[in-house]
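Thanks for coming. I will go through the aromatic side chains, then the nonpolar core and one surface patch.

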Amino acid sequence: MRVIVLGGGVVGVTTAYQLQKDGHEVVILERRAEVAAETSWGNAGMIAPGHSFVWSSPKAPMILLKSLVLKDQALRFKLSADPRLYSWSWLFLMECTAEKARRNTLLKHRLAAYSQSVLHEVIADEQIDYDRNDRGILYFHRSQQALDKGVEHMKLLESDGQEIRVLDRAGVVALDPSLGSAKEKIAGGIHCPTDETGDPAKFTRALAAKVVERGGVIHTGTTITGIETSGDGVTRVLTDKGNFKGDAYVLALGSYSPLIAKTIGISLPIYPIKGYSLTIPVGNRPHPPTIASVDEHNLVAISRFGDRIRVTATAEFAGYDTSHKPADFAFMKGVTQELYPEGADYERAEMWAGLRPMTPNNLPEFGRRRLGNLYLNTGHGHVGWTMSHGSARITADLIAGRKPAISMDGLLN
């Protein structure tokens, strides 16, 4: 078939790749000047099944409430005139029970682990340089009490097959000597040796080039203005560069998916949550991070991409606003400098803010809604890079009428 993929982020490009492997003709529509220029550009770059815990937990409502007064909360809620924020927030709060958090976390882990296995198949088949680091990810705590709670918390994922290693302070420094100067501030950590990192934009652009080499077409600088339907199917996609017809269509527009879906009578529970990141050159600093880590007390994530480090933090309920100012990055920069004082050239940090397409239960939207030839692959939240390859394979399977390799119970509405 001829399949039109709406969206050129990591989810859209990996979907096109999997569809092309099935023998389909693929066309990607992307409004930016190149693929992977929005959410896929500035994220933490972690392939992290070991961090599959959902945000919609019993602790989340109080954190959001505190954020109206305290500005240093990892989750921040900003009052808005957008009614969608409040309807989505109500759905989010309905997911914040212990039972639902456990269920959704295990579903998320199932998809994340499967997706990582598909990624490994892709990199075995394709020569792609994306600054991969396969030494795991370290989730460290600053007090023994927090570490003990973290280990107890991690047992849920361990029961689902996640490998974990509990490290004391000395073990943390042995794993990453660049944390040596900050060791007195770290009680210990949990190392997930099968987690990994890599630059998602670098990967996506390299994979997109392979899709084009094999006959796929990518239209960048092309803004989707509407979708035409007839009966129970899509007939064409309207853009500012002309109309595109296909036999099937995949909606992979991230945070913008609900805006387009709404025009054809499909309601998607996706809302943009703003995240912030710094990309900092290592320069001639002698002790950059050697593996990725997450400071669980401050919820700051730090990854190493070759000659750069990527620092991410904060989730802000702020609508489609991607504006930022230097003060927004002061806390995460300060935490990183404290941990890795000789880790990077902090004065040359590049600031970025982007949108995460969040669903109330932190699980993506798959399959069809009302229209027989329109497939959803969207709403991956803060772990689109982690989930992208498995989601792409699942979407290709659904289009082909095949049963996906993992159970879709709880994942397919």
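**Aromatic contacts and the core**

Tryptophan 385 has a relative accessibility of 3%, so it counts as buried. Keep in mind that this is a predicted model.

Its partner is a tyrosine. The ring centres of tyrosine 130 and tryptophan 385 are 6.0 Å apart and the planes stand at 90 degrees, so this pair is edge-to-face. In sequence the two are 255 residues apart: tyrosine 130 is in the loop between α4 (98-125) and β5 (137-141), and tryptophan 385 is in helix α10 (residues 384-400). Tyrosine 130 also counts as buried, because its relative accessibility is 3%, under the 20% cut-off.

Tyrosine 130 brings me to the core. The largest nonpolar core holds 28 residues, and Tyr130 is among those with the most contacts inside it, along with Leu19, Phe203, Leu207 and Val250. Which elements each supply at least two residues of this core? They are β1 (2-6), α1 (10-21), β2 (25-29), α4, α7 (200-213), β13 (248-251) and α10. The most comes from α1, which gives six residues.

Back to the rings. Over the whole structure, the search finds 10 aromatic pairs. One of them is tryptophan 88 with tyrosine 271: the centres are 6.2 Å apart and the planes are at 35 degrees, so the pair is tilted. This pair, too, links distant parts of the chain, with tryptophan 88 in helix α3 (residues 83-94), tyrosine 271 in strand β14 (residues 271-281), and the two positions 183 residues apart. Are these two residues buried or exposed? Both tryptophan 88 and tyrosine 271 are buried. They belong to one aromatic cluster, together with Phe92 and Phe317.

Next, charges over rings. Arginine 31 lies over the face of tyrosine 256, 4.7 Å from the ring centre. Tryptophan 41 has the charged end of arginine 310 over its ring, at 5.0 Å from the centre.

Last, the surface. A nonpolar patch there is formed by Trp90, Leu91, Leu93 and Met94, whose accessible area together is about 380 Å². Methionine 94 is in helix α3, the helix that also holds tryptophan 88. Its relative accessible area is 35%, so methionine 94 is partly exposed. Helix α3 therefore carries both a buried residue, tryptophan 88, and a partly exposed one, methionine 94.

That is what I have; questions are welcome.

Technical notes: Residues numbered from 1 in each chain as written. Predicted model: local features only at pLDDT ≥ 70, side-chain atom pairs only at ≥ 80, totals over all residues. Heavy atoms only, no water. Phe/Tyr/Trp six-rings, centres within 6.5 Å; stacked < 30°, edge-to-face > 60°. Helix = DSSP H or I, 4+ residues; strand = E, 2+ residues; numbered from the N terminus. Buried < 20%, exposed > 50% of the residue type's maximum accessible area, 1.4 Å probe, protein only. Lys NZ or Arg CZ within 6 Å of the ring centre and 35° of its normal. Patch = residues over 30% accessible without salt bridge, like charges linked within 9 Å, V, L, I, M, F, W, Y side chains within 5 Å. Areas by Shrake-Rupley, 256 points an atom, 1.4 Å probe, with all protein chains shown as cover. Salt bridge = Lys/Arg side-chain N within 4 Å of Asp/Glu carboxyl O. Core = buried A, V, L, I, M, F, W, Y, C linked by side-chain atoms within 4.5 Å.
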